[in-house]
Amino acid sequence: MADTGIYLYAVTLDLDVPHLDVKGVANRPVRTIIQAELVAYVSEVPLDQFGEEPLRRSMEDLDWLGETARGHHRVVAAVAEHTPTAPIRLVTVYSGDDQVRRLLDQRHDDFVQVLSQIAGRVEWGVKAYVHPTEDQPTPTAREPAAPAAAGAGTAYLKRRQAGLRSREDAWRDASEQAQRIHHALTALAVASHLHRPQDPQLSGRSDWMILNGAYLVDEPRSAEFAAALDGLRGPGVDLQLTGPWAPYSFAELDAEAPP
Amino acid sequence: MEPMRPSPARPYSPAGQRQQANLGDILERVLDRGVVIAGDIRVNLLDIELLTIKLRLIIASVDTAKEMGIDWWEHDPWLTGRDRHLLDENRRLRHRLAELEDGVEPHVPIRGRVTEELPPEGYGRRG
């Protein structure tokens with residue numbers, strides 16, 4: 001089996017082990033490894049794609065990366081539909097089942113702790129966008145008109161200065177708005193994480209993303225959370241709710257490996 | 001795009017997921033979040049961390065993004081926590097990597113080299 005590796009998607013408790021029909025990365029079937037009251041969801045993957053050296057290249061191929069990310073997410077979502085799930089970081093590949101078993105043995109307590117924190121809870125993603133050009137006050141609304149005597153160059157500079165200033169104002173307003181939204185949503189969540197606003201290339205939108213938050217919410221409060229979000233909608237800001245996600249943003253083991 | 005409405009009755013409906021989750025949302029989750037396992041894994045954690053950071057640099061190097069002042073959150077104190085953490089982590093990982101490559105702890109299984117160079121201008125853009 002030197003040419004295949006064991007790709008790990010997620011870890012759960014062994015209380016409710018679903019039969020999964022979904023295909024994982026590289027269109028591979030998914031199976032389970034059960035050890036120490038934990039379940040690892042894995043696929044056998046070809047090392048000519050998932051070995052160290054090939055990954056160096058393929059991770060930079062956005063098409064390959066996108067396909068692999070979708071495959072990974074498909075499995076995580078399918079498992080999370082059944083049972084509390086700790087999603088594992090993309091392309092975590094072991095050389096054999098024994099290594100995975102050892103992992104489950106060694107990190108048993110950590111996984112149990114993480115899984116108990118996320119049980120009965122879901123992750124919601126909230127992104128807020130503003131349309132800068134619509135809300136920006138026109139420079140003339142804030143700046144006195146250039147004196148008639150001033151030359152065209154001076155007038156241009158003044159306009160440009162005013163334009164820059166109103167842009168800064170717009171950013172500040174947007175930032176305050178994002179903060180308000182985040183605080184209101186945090187009040188309904190068990191935990192929250194602020195993530196870096198997405199680049200327009202990633203978000204596919206040219207608007208300014210002013211908030212990219214993740215909120216861990218008790219499942220019965222999901223409707224309340226969505227209603228609160230609706231209450232925060234207003235002119236000039238576009239709020240987008242995604243999810244529910246498996247708790248990607250809230251599943252963290254201690255960084256240190258066991259000795 | 002229509003705002004997403006939750007459906008608490010079937011919270012993980014795969015069909016719903018496919019519809020709702022765009023690739024950007026998925027990518028940032030599977031690359032940036034989720035459980036990171038250190039230890040005897042075949043594909044080394046350090047490599048992936050650095051690749052992830054590199055990928056982010058590729059994505060963030062788009063000119064239009066810069067024109068839009070895409071780095072604004074770096075000046076905004078309430079959003080900088082994670083980024084600062086990432087920078088620190090990156091620095092720590094580079095330091096650790098340098099140590100490892102110098103053979104300070106040769107028993108830790110790291111093979112190959114990780115390039116720390118930024119990609120050439122325009123790299124990664126898809127036309």
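**Exercise 1. Describe the order of secondary structure along chain B, then how its residues are packed.**

Step 1. Read chain B along its sequence. The pattern is α-α-α-α-α.

Step 2. Count the elements. Chain B has 5 helices and 0 strands. Keep in mind that this is a predicted model.

Step 3. Check burial. Chain B has 127 residues, and 24% of them count as buried.

Step 4. Look at the contacts in chain B between residues at least 6 apart in sequence. Of these, 48% join residues at least 24 apart.

**Exercise 2. In the open sheet of 4 strands in chain A, find the strand order and say which strands stand at the edges.**

Step 1. Write down the order. It is E7-E8-E6-E9, and the pairing is antiparallel.

Step 2. Find the edges. Strand E7 (191–194) and strand E9 (237–245) of chain A each have a single partner strand, so one side of each lacks a neighbour in the sheet.

Step 3. Add the twist. On average, neighbouring strands of this sheet are turned by 20° against each other, direction ignored.

**Exercise 3. Work out how strand E6 of chain A pairs with E9(A), and whether E9(A) is mostly covered or uncovered.**

Step 1. Locate strand E6 of chain A. It spans residues 121–130.

Step 2. Count the bridges. E6 and E9(A) pair in the antiparallel sense over 7 bridges.

Step 3. Name some partners. In E9(A), Tyr129(A) is bridged to Asp238(A). Val130(A) has Val237(A) as its bridge partner in E9(A).

Step 4. Check the cover. E9(A) is mostly covered, with 7 of its 9 residues buried.

**Exercise 4. Decide whether Val126(A) is buried or exposed, and list its contacts.**

Step 1. Place the residue. Val126(A) is part of strand E6 of chain A.

Step 2. Apply the cut-off. A residue is buried if 20 or more other C-beta atoms lie within 10 Å of its own. Val126(A) has 23 C-beta neighbours inside 10 Å, so Val126(A) counts as buried.

Step 3. List the contacts, leaving aside neighbours within four places in sequence. Val126(A) touches Leu185(A), Leu211(A), Gly213(A), Tyr215(A), Leu229(A), Leu239(A) and Leu241(A).

Step 4. Compare sequence with space. Val126(A) and Leu211(A) are 85 residues apart in sequence, yet their C-alpha atoms are 7.3 Å apart.

**Exercise 5. State the average pLDDT of chain A and find a stretch where the pLDDT is below 50.**

Step 1. Take the average. Chain A has a mean pLDDT of 85, and 88% of its residues score at least 70.

Step 2. Find the stretch. The pLDDT is below 50 over residues 134–146 of chain A.

Step 3. Check its contacts. Beyond near neighbours in sequence, residues 134–146 of chain A have 21 contacts in the model.

Technical notes
Residues numbered from 1 in each chain as written. Chains lettered and ligands numbered in written order. Predicted model: local features only at pLDDT ≥ 70, side-chain atom pairs only at ≥ 80, totals over all residues. Helix = DSSP H or I, 4+ residues; strand = E, 2+ residues; numbered from the N terminus. Buried ≥ 20, exposed ≤ 12 C-beta atoms within 10 Å, placed from the backbone. Contact = placed C-beta atoms within 7 Å. Pairing = 2+ DSSP bridges. Axes fitted to C-alpha atoms, helices over the stretch in contact; angles between N-to-C directions. pLDDT = per-residue confidence, 0-100.
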